[in-house]
Amino acid sequence: MNRIDQAFTNAKESGHPALLPFLCAGSPELDALPKLLPAMQAAGASIVEIGFPYSDPVADGPTIAAAMHEALEKGITPKIIFDQVRSVRDQLSIGLVAMVSVSIVIAMGGPDEFAKQASNAGFDGSIFPDLPLAESDAYHAACKAHGLTMTLLIAPTSPDDRVAEIANASTGFTYLLARSGVTGAQSDVPDISERVRTIRAKSRTPIACGFGISTADHVSKIVEHADGAIVGSALVKRILQAHQRQLDYAVEAEIAVTELATGLISMDNF
């Protein structure tokens, strides 16, 4: 079974939802991923999303956008990301998902070439944040051919009929945006209960929710309804700050995710 599918199966069977931290490849150092990925596993992450830096990031707030900009200046490339993931894949049992813009995929030769390289490097799935549902067939086919899951995003503004289509087109899990706008740590969490009920009425695809999730309390509120919580900007910011203070940023990242994992609660409602 694909590691992404296994992670959500384990979550449902154990009653402990999944935690999905996001890392920006190439941040805070070009060679950061081989240090950070084992730390994520040690902290209790089920799946790690790895962002492929892009010059025009989609819906990313200032923290992630700045991290991506700096990573690009350092020289990060998809090949370097693949090489770094490959170097530690044998040490990891967690799922790894590439969050990558369609523009990068096209530049690499299209969805089949990207999926082949990602799979060979040790990725288990892909998230295409700017891929329209109407143009997703080729991406779905490429990911399926190379053993990857394919996740699309559900926006708060998506109409109910489109929500069901997006969820059913996604494999592994679907990414529910908790709020409109761009990513970034927030002081509160919107009520996603009704949105999750709408999705579950028409789809069996697991639901992971992100955008503005930054504390253990936020995680707890999210997984009262969703199958997993995604944490991005808050973690990226903590890693960057640790590096700036000349601390061991991998240790700080492990501490941060361990703290976030305390928000995981029993999924008695499933």
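**Helix packing and local geometry, with reasons**

Modeller: In this predicted model, helices H3 and H11 lie oblique to each other.

Biologist: Why are H3 and H11 called oblique?

Modeller: The axes of H3 (residues 62–74) and H11 (residues 233–244) cross at roughly 50 degrees and come within 9 Å. An angle is oblique if it is neither under 35, nor over 145, nor in the range 65 to 115, and therefore H3 and H11 are given that name. The crossing itself is left-handed.

Biologist: Which residues make the contact of H3 with H11, and how do they divide by class?

Modeller: H3 contributes Thr-63, Ile-64, Ala-67 and Glu-70, while H11 contributes Ser-233, Val-236, Lys-237 and Leu-240. These residues divide into 4 nonpolar, 2 polar and 2 charged.

Biologist: H11 also packs on H12; what makes the orientation of that pair parallel or antiparallel?

Modeller: The axes of H11 and H12 cross at roughly 150 degrees and come within 9 Å. Because angles over 145 degrees count as roughly antiparallel, H11 is described as roughly antiparallel to H12. The contact consists of 8 nonpolar, 1 polar and 3 charged residues, and the crossing is right-handed.

Biologist: Which residues of H11 meet H12?

Modeller: On the H11 side they are Leu-235, Arg-238, Ile-239, Ala-242 and His-243, and their partners in H12 include Tyr-249, Glu-252 and Ala-253.

Biologist: Why is the pair H2 and H12 called parallel or antiparallel?

Modeller: Helix H2 (residues 33–43) packs against helix H12 (residues 249–261) at an angle of about 30 degrees, with 8 Å between the axes. Since the limit for roughly parallel is an angle under 35 degrees, H2 is taken as roughly parallel to H12. This crossing, too, is described as right-handed.

Biologist: What is the make-up of that contact by class, and which residues of H2 take part?

Modeller: Lys-35, Leu-36, Ala-39, Met-40, Ala-42 and Ala-43 are the residues of H2 in the contact, and they meet residues of H12 that include Tyr-249, Ala-250, Ala-253 and Val-257. The contact of H2 with H12 has 10 nonpolar, 1 polar and 2 charged residues.

Biologist: What makes Phe-211 stand out in its backbone, and is Phe-211 buried or exposed?

Modeller: Phe-211 has a positive phi of about 95 degrees although this residue is not a glycine, and Phe-211 sits in the loop between strand S8 (207–210) and helix H10 (216–222). Its relative accessibility is 7%, which lies under the 20% limit, so Phe-211 counts as buried.

Biologist: Gln-246 has a positive phi as well; how do you know whether Gln-246 is buried or exposed?

Modeller: Phi of Gln-246 is near 60 degrees, and the residue belongs to the loop between H11 and H12. With 75% relative accessibility, a value over 50%, Gln-246 is therefore counted as exposed.

Biologist: Where is the cis peptide bond?

Modeller: Ser-27 and Pro-28 are joined by a cis peptide bond, with omega at about 5 degrees. Pro-28 is part of the loop between strand S1 (18–24) and H2.

Biologist: How many disulfides does the structure hold, and are Cys-24 and Cys-209 buried or exposed?

Modeller: The structure holds 0 disulfides. Cys-24 is at 4% relative accessibility, so this residue counts as buried under the 20% limit. Cys-209, at 0%, is buried by that limit as well.

Biologist: Why is Arg-197 assigned to neither the buried nor the exposed class?

Modeller: Arg-197 has a relative accessible area of 48%, which is neither under 20% nor over 50%, so the residue is called partly exposed. Arg-197 is located in helix H9 (residues 193–202), and its C-alpha atom is 9.5 Å from that of Ala-226, 29 residues apart along the chain.

Biologist: What makes Thr-262 exposed or buried, and where does Thr-262 lie?

Modeller: Thr-262 falls in the segment after H12. Its relative accessible area is 59%, and because exposed means over 50%, Thr-262 is classed as exposed. The C-alpha atoms of Thr-262 and Asp-217 are separated by 8.5 Å, although these residues are 45 residues apart along the chain.

Definitions and conventions: Residues numbered from 1 in each chain as written. Predicted model: local features only at pLDDT ≥ 70, side-chain atom pairs only at ≥ 80, totals over all residues. Heavy atoms only, no water. Axes fitted to C-alpha atoms, helices over the stretch in contact; angles between N-to-C directions. Helix = DSSP H or I, 4+ residues; strand = E, 2+ residues; numbered from the N terminus. Left-handed = near helix turned anticlockwise from the far one by under 90°. Contact = heavy atoms within 4.5 Å. Nonpolar A, V, L, I, M, F, W, Y, C, P; charged D, E, K, R; others polar. Disulfide = S-S within 2.5 Å. Buried < 20%, exposed > 50% of the residue type's maximum accessible area, 1.4 Å probe, protein only.
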